[in-house]
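Visitor: I should like a close look at a single part of this model, followed by a connected account of its surroundings. Please proceed step by step and give the geometry wherever it is available.

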Protein chains: 4
Amino acid sequence: MPNSFGKLFQITTWGESHGPAIGVVVDGCPPGLPLAAEEIQAELDRRRPGQSDIVTPRKEEDRVEILSGIFEGRTTGTPISMLVRNADQRPGAYDEMRDKFRPSHADFTYQAKFGLRDHRGGGRSSARETVGRVAAGAIAKKILALGGSVGGPGGATGRASGIEIRAYLTNVHDIAVPAGALEAFPTLAEVEATAVRCPHLPTAEKMIERIKAVRSEGDSVGGVIECRVRGVPVGLGEPVFDRLEADLAKAMLSLPATKGFELGSGFAGARMRGSEHNDIFESRAGRVRTVTNRSGGTQGGISNGEEIVFRVAFKPTATILQRQPTVDVSGAATELIGRGRHDPCVVPRAVPIVEAMAALVLLDHWMRHAAQNQTFTF
Amino acid sequence: MPNSFGKLFQITTWGESHGPAIGVVVDGCPPGLPLAAEEIQAELDRRRPGQSDIVTPRKEEDRVEILSGIFEGRTTGTPISMLVRNADQRPGAYDEMRDKFRPSHADFTYQAKFGLRDHRGGGRSSARETVGRVAAGAIAKKILALGGSVGGPGGATGRASGIEIRAYLTNVHDIAVPAGALEAFPTLAEVEATAVRCPHLPTAEKMIERIKAVRSEGDSVGGVIECRVRGVPVGLGEPVFDRLEADLAKAMLSLPATKGFELGSGFAGARMRGSEHNDIFESRAGRVRTVTNRSGGTQGGISNGEEIVFRVAFKPTATILQRQPTVDVSGAATELIGRGRHDPCVVPRAVPIVEAMAALVLLDHWMRHAAQNQTFTF
Amino acid sequence: MPNSFGKLFQITTWGESHGPAIGVVVDGCPPGLPLAAEEIQAELDRRRPGQSDIVTPRKEEDRVEILSGIFEGRTTGTPISMLVRNADQRPGAYDEMRDKFRPSHADFTYQAKFGLRDHRGGGRSSARETVGRVAAGAIAKKILALGGSVGGPGGATGRASGIEIRAYLTNVHDIAVPAGALEAFPTLAEVEATAVRCPHLPTAEKMIERIKAVRSEGDSVGGVIECRVRGVPVGLGEPVFDRLEADLAKAMLSLPATKGFELGSGFAGARMRGSEHNDIFESRAGRVRTVTNRSGGTQGGISNGEEIVFRVAFKPTATILQRQPTVDVSGAATELIGRGRHDPCVVPRAVPIVEAMAALVLLDHWMRHAAQNQTFTF
Amino acid sequence: MPNSFGKLFQITTWGESHGPAIGVVVDGCPPGLPLAAEEIQAELDRRRPGQSDIVTPRKEEDRVEILSGIFEGRTTGTPISMLVRNADQRPGAYDEMRDKFRPSHADFTYQAKFGLRDHRGGGRSSARETVGRVAAGAIAKKILALGGSVGGPGGATGRASGIEIRAYLTNVHDIAVPAGALEAFPTLAEVEATAVRCPHLPTAEKMIERIKAVRSEGDSVGGVIECRVRGVPVGLGEPVFDRLEADLAKAMLSLPATKGFELGSGFAGARMRGSEHNDIFESRAGRVRTVTNRSGGTQGGISNGEEIVFRVAFKPTATILQRQPTVDVSGAATELIGRGRHDPCVVPRAVPIVEAMAALVLLDHWMRHAAQNQTFTF
């Protein structure tokens, strides 16, 4: 269903930006996992409004409440229901949007599709919906970090250690991390060191400066997030339609404000020759490895044990504090000025969301792989 | 399941490159559609090997056989099973691949995941698998072209006319269609005018030249396909996870050799400001329209009635006729030279495949929209 | 996923008997439906504990809280999240069950499957889980009662009026409604006239007497619910696997304590000859009708416009207030006496649950039918 | 989708009774399984027409052709496509059915739902569709018989041995196996000893006699199949909706001509008291076992390690060689006499079909259990 994601580790999100609450149900979680609300909260705090001076000042503590699926500190294998109450609602701030369609928002399409909409703050189309994704993703991340007994008839893995997922900004507007500046896998501390979540400090400073500058003009900017995943066992991904990169692409394009996805060499790879692009195999430390990683960690839709590397493009925030022409629900010309409390650049707060979605995809595929390939031995 | 795609108009493909046959089952097709094998065949002929002097010379007529679901020339609403016999098999040509992993192919990952693989011509990972997608997509394209009774509580559509899908090459290696050269919706004849399927003739000629040049060097090149869809009613797409662009992204990244997807402004959009990027609404011919189309035809994951525009990056063909180092199944270093009959550039033959996948996504979403929004009136 | 039901009108339930709350998320609800919490509450009150002197005295008001998906009194097409707080928790009453397996309960199987369990009141396996089903079913029932624009290429329906679902008890222990005593479709008032929900009054009285008698002995009894549905359009049901009766059977056997399902003639039909069993077609009031209805309202898995009639067998409540031998989690022999507050016969409170599940199946199939058969006209 | 069954071991069947062929695609099969066409054929031969003098004389060899998914005698983990050509077609025999609706057949409902139908031999609604189920079920049965590494955090199983599924007739018309006569698990040889597939010989003889008698009168009879499964590990089944018995019920009610399903005590259980019905736990041979098995092998929807026992009611064959009134497609009164070659009692040939469906359900649930409970250890 449209509000569910995943096949075996499945989440269902619900809730509107200015309704009473927003939440998620996680179905299929392995039992026995030690899990505390604080672990969920830590991830929610990374996407929370008001966390720094370059994001929206909306005041939401986003305290998670766990309603089911945990008993005496461990998951029971039954659905985990979590919710966050919406606190800082100023629905009056959106009265103008009841009848007017904000440019490049979902107001018009929701109205046309459903015949009515909760106009307050974007309702269901608000990025606030991702609260549930981040809460569920926190569980998936924890399981992946602990690792598991991946195996398979072809000795699908040689890795018992866990999976680590790291997303960060490489671009804001026309500011980009210099080529080759981030070869090492960034630490979480490096990413979290600045409000913009770019682990290359000189670039981070320029990004913050730019975001403040456009904000002062009532404008907004877009950016790019890169996500790298290491420790992934060989063998995850289910061809032909549920290739690992296909499900990652869907996960990322299901996020608000995303316009593109690329894996490994991406669009630049289209400008290369095969002799440049091919990843040569070699034996290293007893495992089959590739010398380069233009493939981005998958071949034929299945993880090959190298780092998974992908990038996601985010458009500039549609809400700007400038006067824009538009139409109202009757189709008549009008204009509006963005109000409310918005991020001049959504990308820094999207970092934990991208990680959450990546974790959901990987865990689901791990469980799918295990079901087909580890259950029976012939 | 991994070999099925779509929720209401669902296809399941099966078959290996050098097995006896390859095919597809289509479930959920609306009944009463007049359908002849020739209509399927016409699309298969567009992806067929040997169709021009810049593609693989593998000799496959790819004659489709319809085994069920059609009665007296019309679909019956029951599953449509179609198959194509594999004719020009030269399994001996692949003996070397039994034990060696071809760089940037799926040999290693299939072996690791499943413990064994049909090594002949890539087996299931061969792009030959897309025969079934194109056959099924031909049906979806026909239905979309005929159009239907899209509606909804919000007057989701004003279009009774059909949907037209047009894909074509914009890039091969470093050759690109000049900016602004393809503003008009290209005709099918323009696309099919050259073997490379680029409707901008001067560019097409350069592309063909380049492909022949790299082929003569035993090398390969990548490229980019742009796909545009017009006549799409307002309202298709199911937030939050099954956004129209999310399902398109998944569809495209499920194709062999793809490395990236972008919608509308795409990665370039990440370098823009909100004030540049926003698509202003206006009333035109009695409908709500946008002045620009940086959104690429969707807002909030739902079609807004503008052209859907997306691009897909394809890497260069992994098989090159050059000596490459690699490892064998035991992990020992070895080398191999690509043999077999391969496309120096897969992108021209991928055009009908991209169209097929786009058609499958759109039809499925149309049916989903109708189920929720057109069945009951309150 | 295991805690979700339905394909287009999909529900996901969550919650444990003695956790903080229990709830449901409904995805796919048609937009624009006027819906008030009171309408949900009315159905919940029918399954609520403590509603009469023959059911469990557990004190639960079961007040529903709607958290999303409704705006200004109408459904918006987005997920409807509903929860009920658990109030009358006496977890201490279940201390003994922490280590002992109650006979014919799910204690042992949950422990074996998941390695741990919330033992308080059965945790997830408690019939309290059905609160969410009834809340969701109330919405489905309302939509079905309003009716819709069912159609299809074959003129699938001639009925614009709504669908009415009526369940009631025909059997408690060895007490049964006399053959032929319930030919007319019972009214809701007739069903609700007695605490036992059997519309045949003389039988209802005997049933109540029997339930009180077994309760006084610390024992329990089973029973049978019959459910009839009228106003069903011709054409609902999706062969070959998703036949209407197949999905009804699954829905009913997914309820706690159920042991059997039969449609129309059921097991008695197996003892008949074809010449007795066949339902002869005739024209009546301009429609194709059958003279008899041994088929029970479907043929080939598709509704034929006659009443849908099915029966569900419920076993006696497993919890009895008698001493029973059993084993503990270590496998050692022990014994226990049922405590807690239980229904001596669960069947009367199961009536609204059966109706809810029937409504969910029918609405889902109606939407599926419409998607394939009403969207396109050729 | 309606023609697919199973979540992880998924089958999709296709084909009409008098089309060119009928078949199935199996997706999700574990790789490495040795599999020969003869093993599939053996099961198909058990459901084949013309196998004895009490079934239809339609001449179909039903030779299976495997088109994909097997390489060098082993499954590869990719889709297994199998088909059987329809040989003995006498479409002319069905000319009368083009316009007339056969009583208690699916002619009317298919016509109403889809607007057209392949009337020849019932088209898609023919029991010939089950060829694909039996072919797929043969694979599932083989995997289950070999057994696997079932485990889980709760030590979900103590059984490494395989699962054995045995179905057989207990009733034909009013002839029934005497109570208590089949306590031991019947052998395959005992079941196959007679054409009627009842392992109680004296009863089998009476059944055959009865079937011949009704056939001589141009009539038909129904019957009941009991199915027992032993060696099932503890822990299979996914509450709350995908309880093992819920999926078994759906599987059985998805078969043509079925009218009822019951598990363990079934409808008789509804007439019992809790003190009689409860299955007391005890320790036996180091495992938790029940003294009785009224539960029929599951508790709370999860297998408890005891025999799974269920029964399926089949109505008498709708086609009888007697004159019956009916209506034609215009609704006008007419009559018809059954022609064609039909089974006077479908139940004996349904035995391998019931076994196939049971195998599909169990294997799918085994894989689902493993995915959630065996992949990660905390």
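**A helix contact and its setting**

Guide: In chain D of this predicted model, helices α1(D) and α9(D) are oblique to each other. The axes of α1(D), residues 37-47, and α9(D), residues 347-373, come within 6 Å and cross at roughly 135 degrees. Angles over 145 degrees would count as roughly antiparallel and those of 65 to 115 as roughly perpendicular, so a value between these ranges is classed as oblique. On the α1(D) side, the contact is made by Glu43(D), Arg46(D) and Arg47(D); on the α9(D) side, by Arg349(D), Pro352(D), Ile353(D) and Ala356(D). By class, these residues divide into four charged, three nonpolar and no polar.

The setting of helix α1 can be described in chain A. There, α1 (residues 37-47) lies across β4 and β7 (80-85), and runs at about 150 degrees to β4(A). Strands β4 and β7 of chain A belong to an open sheet of five strands, with the order β1-β2-β3-β7-β4 and antiparallel pairing. Its edge strands are β1 (4-5) and β4 (64-66) of chain A, each of which pairs on one side only. At the β1(A) edge, two bridges connect β1(A) to the antiparallel strand β2 of chain A, residues 10-15, and Ser4(A) stands opposite Thr12(A) of β2(A).

The stretch that follows the helix can be examined in chain B. Glu60(B) is found in the loop between α1 (37-47) and β4 (64-66) of chain B. With 19 other C-beta atoms within 10 Å, Glu60(B) is partly exposed; the class of buried residues begins at 20 such atoms. Leaving aside neighbours within four places in sequence, the contacts of Glu60(B) are Arg48(B), Pro49(B), Gly50(B), Ala87(B) and Asp88(B). Glu238(B), by contrast, is 178 residues from Glu60(B) in sequence and 39 Å from it in space, C-alpha to C-alpha.

Next come the relations between chains, beginning with B and A. The contact takes 95 residues from each of chain B and chain A. On the chain B side, helix α2 (residues 107-114) gives the most, with seven residues. By class, that side has 38 nonpolar, 39 polar and 18 charged residues. A turn of 180 degrees with a shift of 0.0 Å along the axis lays chain B on chain A with an RMSD of 0.0 Å. Because 100% of the interface residues of chain B are also interface residues in chain A, the copies meet through the same surface.

A sheet also runs from chain A into chain B. Ten strands form this open, antiparallel sheet, in the order β9(A)-β8(A)-β10(A)-β16(A)-β11(A)-β11(B)-β16(B)-β10(B)-β8(B)-β9(B). The edges are β9 (175-176) of chain A and β9 (175-176) of chain B; each has a single partner strand, so one side of each is left without a neighbour in the sheet. Between the two chains, strand β11 of chain A and strand β11 of chain B, residues 258-263 in each, pair in the antiparallel sense over three bridges. Phe261(A) stands opposite Phe261(B) in β11(B). Towards the chain A edge, two bridges join β8(A), residues 164-172, to β9(A) in antiparallel fashion, and Asn171(A) has Ala176(A) of β9(A) as its bridge partner.

Chain C also touches chain A, with 34 residues of chain C in contact with 34 residues of chain A. On the chain C side, the elements that give two or more residues are β2 (10-15) and β3 (21-27) of chain C. That side has twelve nonpolar, 16 polar and six charged residues. Chain C is superposed on chain A by a rotation of 180 degrees with 0.0 Å of shift along its axis, at an RMSD of 0.0 Å; this is the relation of a two-fold axis. Here 100% of the interface residues of chain C are also interface residues in chain A, so the copies meet through the same surface.

Finally, a hairpin of chain C merits attention. Strands β12(C) and β13(C) form it with two residues between them, and Ala285(C) in the turn has a positive phi of about 50 degrees. Four bridges join the antiparallel strands β12(C), residues 281-284, and β13(C), with Arg284(C) partnered by Arg287(C). Along β13(C), residues 287-290, the side chains alternate: Val288(C) and Thr290(C) point to one face and are buried, whereas Arg287(C) and Arg289(C) point to the other and are not.

How values were computed
Residues are numbered from 1 along each chain as its sequence is written. Chains are lettered from A and ligands numbered from 1 in the order in which they are written. This is a predicted model: local features need pLDDT of at least 70, side-chain atom pairs count only at pLDDT 80 or more; totals for chains, interfaces and linings use all residues. Two residues are in contact if their C-beta atoms, placed from the backbone, lie within 7 Å. Ala, Val, Leu, Ile, Met, Phe, Trp, Tyr, Cys and Pro count as nonpolar, Asp, Glu, Lys and Arg as charged, and the others, Gly among them, as polar. Copies are superposed by least squares on the C-alpha atoms of residues with pLDDT of at least 70 in both. Two strands pair if DSSP finds at least two bridges between them. Axes are lines fitted to C-alpha atoms, for helices over the stretch in contact, and angles run from 0 to 180 degrees between N-to-C directions. A residue is buried if 20 or more other C-beta atoms lie within 10 Å of its own, exposed if 12 or fewer, and partly exposed in between; C-beta atoms are placed from the backbone. Angles under 35 degrees count as roughly parallel, over 145 as roughly antiparallel, 65 to 115 as roughly perpendicular and the rest as oblique.
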